[in-house]
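Visitor: I have a structure to go through. Can we take it one question at a time?

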There are 2 protein chains.
Amino acid sequence: MKIYFAGSIRGGRKDAVLYQQIIDYLKNFGEVLTEHIGDPELSHSGGGGPTDGFIHNRDMEWLISGDVVIAEVTTVSMGVGYEIGRAVEMGKNVLCLFRPVTGEKLSAMIGGCPGITLVEYSSLEDAKIAIGKFLD
Amino acid sequence: MKIYFAGSIRGGRKDAVLYQQIIDYLKNFGEVLTEHIGDPELSHSGGGGPTDGFIHNRDMEWLISGDVVIAEVTTVSMGVGYEIGRAVEMGKNVLCLFRPVTGEKLSAMIGGCPGITLVEYSSLEDAKIAIGKFLD
């Protein structure tokens with residue numbers, strides 16, 4: 001199984017360690033195409049080098065080839081929203097993980113989308129349980 | 001012409017006055033389906049009442065019926081990213097307006113998408129010129 005994991009880059013890297021933990025867990029189920037999202041060295045600028053056009057087209061190729069999309073949506077990110085929108089329009093299975101405990105407000109476009117499985121959680125263990133159920 | 005205007009709601013309302021000015025200008029070209037985005041009374045919670053599911057499905061109906069999508073993408077917003085992603089995947093014409101002068105970082109998914117017309121601007125007058133060219 002090919003898994004497309006989405007998390008914030010330029011929207012802010014405060015959840016990067018959590019992304020890495022989720023990605024490590026996802027590897028039990030298949031190949032994580034976007035493993036770099038969890039890299040603490042990945043800068044806000046998105047990787048230090050490639051153009052936006054390169055990043056976009058590479059990520060869209062991965063998204064198209066992915067069997068499922070799993071997004072951590074707590075940190076507000078235009079790119080994560082874009083990826084989810086494209087995935088939903090492609091008819092892919094999408095799991096969004098959100099932590100209400102942070103006080104962040106989830107977009108109605110994510111919270112209200114019938115094509116998305118939304119799970120609110122607070123601990124990594126809860127996220128793992130949700131992922132296991134989603135990928136079962 | 002039916003115009004879908006996208007701007008941040010729960011991602012933050014600091015550009016709400018600008019959204020209103022852009023929407024007022026867009027009315028010279030056609031019907032703006034999402035006129036409420038510029039309403040200064042619109043709260044962060046997204047309108048005070050309707051459920052996320054209602055908001056999502058109403059906005060998606062508007063998006064599908066829109067001839068063009070015009071988004072102000074300076075304030076980072078998951079919902080705006082989602083709307084752009086769905087519109088690009090639908091093959092719609094999308095204009096994104098971004099103000100680099102704010103110091104905000106634009107997502108590579110927006111800056112690098114070949115299906116988006118991206119215009120960087122600083123003044124409302126520049127935005128109007130870009131809109132005029134795009135809708136011409």
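What follows is a set of short questions and answers on this predicted model.

Visitor: By what turn can chain A be laid on chain B?
Guide: The superposition gives an RMSD of 0.0 Å. The shift along the axis is 0.0 Å. The two copies are thus related as by a two-fold rotation axis. The turn is 180°.

Visitor: What percentage of the interface residues of chain A are also interface residues in chain B?
Guide: The copies meet through the same surface. That follows because the shared fraction of chain A's interface residues is 100%.

Visitor: What is the order of the strands in the open sheet of chain A?
Guide: The sheet has five strands, with parallel pairing. β2 (31-32) and β5 (116-120) of chain A each have a single partner strand, so one side of each is left without a neighbour in the sheet. Those two stand at the edges. The order in chain A is β2-β1-β3-β4-β5.

Visitor: Which residue is the bridge partner of A:Ile3 in β3(A)?
Guide: Strand β1 (residues 2-6) and strand β3 (residues 68-72) of chain A pair in the parallel sense over four bridges. One bridge partner in β3(A) is A:Ala71, which serves A:Ala6. For A:Ile3 the partner is A:Val68.

Visitor: How many residues of β3(A) are buried?
Guide: Side chains in a regular strand alternate between the two faces of the sheet. Here A:Val68, A:Ile70 and A:Glu72 point one way, and A:Val69 and A:Ala71 the other. Both groups are buried. β3(A) is therefore largely enclosed by the rest of the structure, with a buried count of five of five.

Visitor: What is the handedness of the β-α-β unit that β3(A) and β4(A) make with helix α3 of chain A?
Guide: β3(A) pairs with strand β4 (residues 93-98) of chain A in the parallel sense, over five bridges. Within that pairing, A:Ile70 stands opposite A:Leu95. Helix α3 (residues 78-90) of chain A completes the unit, which is right-handed.

Visitor: Is A:Leu135 buried or exposed?
Guide: A:Leu135 lies in helix α5 of chain A. Beyond its sequence neighbours within four places, its contacts include A:Ile3, A:Val68 and A:Ile70. The cut-off for burial is under 20% relative accessible area. At 14%, A:Leu135 counts as buried.

Visitor: What distance separates the C-alpha atoms of A:Ala127 and A:Ile22?
Guide: A:Ala127 sits in helix α5 (residues 124-135) of chain A. It is buried, with a relative accessible area of 0%. A:Ala127 and A:Ile22 are 105 residues apart along the chain, and their C-alpha separation is 7.8 Å.

Visitor: Which residues have the most contacts inside the largest nonpolar core?
Guide: Nonpolar side chains tend to be buried together in soluble globular proteins. The largest nonpolar core has 46 residues. A second, separate core has 21 residues, including B:Ile3 and B:Phe5. In the largest one, the residues with the most contacts are A:Val73, A:Ile84, B:Val73 and B:Ile84.

Visitor: Which chain A residue does B:Ile84 touch?
Guide: Set aside residues up to four places away in sequence. Within chain B, B:Ile84 touches B:Ala71, B:Val73, B:Val94, B:Cys96, B:Ile110 and B:Ile116. The contact in chain A is A:Tyr82.

Visitor: Which residue of chain A is in contact with B:Asp59?
Guide: B:Asp59 is part of helix α2 (residues 52-65) of chain B. It counts as buried, at 3% relative accessibility. Leaving aside neighbours within four places in sequence, its chain B contacts are B:Tyr4 and B:Glu83. From chain A, the contact is A:Met109.

Visitor: Which residue of β5(B) is the bridge partner of B:Val94?
Guide: Strand β4 (residues 93-98) of chain B has five of its six residues buried. Five bridges join β4(B) to strand β3 (residues 68-72) of chain B. Another five join β4(B) to strand β5 (residues 116-120) of chain B, running parallel. In β5(B), the partner of B:Val94 is B:Ile116.

Visitor: What angle does helix α1 of chain B make with β1(B)?
Guide: Strand β1 (residues 2-6) of chain B pairs with β2(B) over two bridges, in the parallel sense. B:Ile3 stands opposite B:Val32 there. Helix α1 (residues 16-26) of chain B packs on the sheet and touches β1, β2, β3 and β4 of chain B. Its direction makes an angle with that of β1(B) of about 170°.

Key. Residues numbered from 1 in each chain as written. Chains lettered and ligands numbered in written order. Predicted model: local features only at pLDDT ≥ 70, side-chain atom pairs only at ≥ 80, totals over all residues. Heavy atoms only, no water. Core = buried A, V, L, I, M, F, W, Y, C linked by side-chain atoms within 4.5 Å. Buried < 20%, exposed > 50% of the residue type's maximum accessible area, 1.4 Å probe, protein only. Contact = heavy atoms within 4.5 Å. Pairing = 2+ DSSP bridges. Least-squares fit on C-alpha atoms with pLDDT ≥ 70 in both. Axes fitted to C-alpha atoms, helices over the stretch in contact; angles between N-to-C directions. Right-handed = clockwise from strand over helix to strand, strands pointing away.
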